[in-house]
Amino acid sequence: MLRQDSDNLSFSWQGGEPTLMGLPFFQVAIEYEMTFGRGQTVSNALQTNGIALDRSWAAFLARYRFLVGLSLDGPEHIHDHYRLNLAGKGTWRTVHERAQMLLDAGVSVNSLVVVTDYSVRYPKEIYSYLKELGLVYMQFIPCYERDPSTNGLPAAYSVPPDAYGEFLCAVFDEWLKDFEDGKPTTSVRFFESLVAIQSGLPPNDCTLLSECGTYLVVEHNGDIYSCDFYVTPDWKLGNVNDNLLVTIFSGERQREFGRIKALLPDECLSCKWLSLCQGGCPKDRAKVSYFCPAFRRFFKYSDSAFKRLVNLGN
């Protein structure tokens with residue numbers, strides 16, 4: 001990747017659980033970036049459950065300015081509802097302590113909160129917990145998976161769309177309460193992306209873009225795919241041992257993948273909120289997005305507030 005003709009490069013390390021590679025692996029990766037980089041600005045992000053982190057990890061991540069996305073779903077009863085170790089014990093206390101350790105070391109940490117059928121009931125409790133812990137950069141990820149044993153119906157732990165819409169409304173109210181002098185004191189990625197869209201700027205949430213294909217996935221064996229939700233034979237684009245990433249990224253196959261998102265049914269094309277959601281992530285679609293009811297509920301609820309925020313910024 002360092003051979004690419006680009007001034008800015010970004011590595012996002014995720015898995016599985018990337019820390020299972022061990023700290024020495026990442027130390028070597030940084031050495032390679034520093035040795036073979038050609039004056040580029042190189043950034044690194046790490047998505048982790050936090051279990052394997054220790055003070056050596058924290059010092060390393062702080063020194064090389066990694067952005068860490070930490071999977072922490074909320075306070076103990078929420079996080080431990082699904083996140084258990086092999087012994088069937090909850091992992092909350094460990095992850096909570098790792099979050100404090102990272103923050104104390106000066107690591108930039110975002111909380112990655114998976115919203116499930118259980119956690120969706122506690123929007124205010126989750127938001128308050130994260131804020132009090134010091135995780136003021138929040139990303140809420142709605143859980144939706146199909147259950148093959150029921151012919152593709154939503155898995156039992158998937159968040160119901162109507163409930164997720166109410167969850168977003170409740171978190172939005174908490175986010176607005178924390179504004180000071182017209183500016184947010186916490187960051188919720190989804191909300192900030194919507195502010196960007198309504199200000200004429202691109203969102204940083206790829207699910208809200210009009211086309212996909214803004215990054216590539218490289219697997220452990222060098223195979224390249226269009227998206228981490230489409231690591232399938234249909235969307236294998238090549239291998240880093242045989243192809244330059246810049247060639248793959250700008251190639252017709254990746255552009256084809258990107259255009260698929262814009263193939264929307266009439267129900268979406270005629271919707272007043274299309275410019276905001278762009279039909280949602282293709283992985284969540286049957287015909288329309290599974291989360292369409294949630295988006296409609298939230299956009300209607302928040303529309304006037306977002307317009308005020310955009311006007312304040314102009």
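The questions and answers below look at one helix and the largest cavity of a predicted model.

In this predicted model, local features need pLDDT of at least 70 and side-chain atom pairs count only at pLDDT 80 or more, while totals for chains, interfaces and linings use all residues. Residues are numbered from 1 along each chain as its sequence is written, and side-chain values use heavy atoms, with hydrogens and water left out.

Visitor: Which residues of α1 are buried?
Guide: Helices here are DSSP runs of H or I with at least four residues, numbered from the N terminus, and α1 covers residues 23–36. Buried means under 20% relative accessible area and exposed over 50%, with a 1.4 Å probe and protein chains only. By that rule the buried residues of α1 are Leu23, Phe26, Ala29, Ile30 and Glu33.

Visitor: Why do the buried residues of α1 lie on the same side?
Guide: An α-helix has 3.6 residues a turn, so residues three or four places apart point the same way. The face of α1 turned away from its buried side carries the exposed residues Pro24, Thr35 and Phe36. The buried residues of α1 share a side because the arc that they cover around the axis, taken from the directions from the helix axis to the C-beta atoms, is only 115 degrees.

Visitor: Which element gives the most to the lining of the largest cavity?
Guide: On a 1 Å grid over the protein atoms alone, a cavity is a set of points where a 1.4 Å probe fits but cannot get out, and lining residues have an atom within 4 Å of a point. Two or more lining residues come from each of α10 (266–269), α11 (274–277) and α12 (292–313). With three residues, the element that gives the most is α12.

Definitions and conventions. The expected span of a helix is 1.5 Å times one less than its number of residues.
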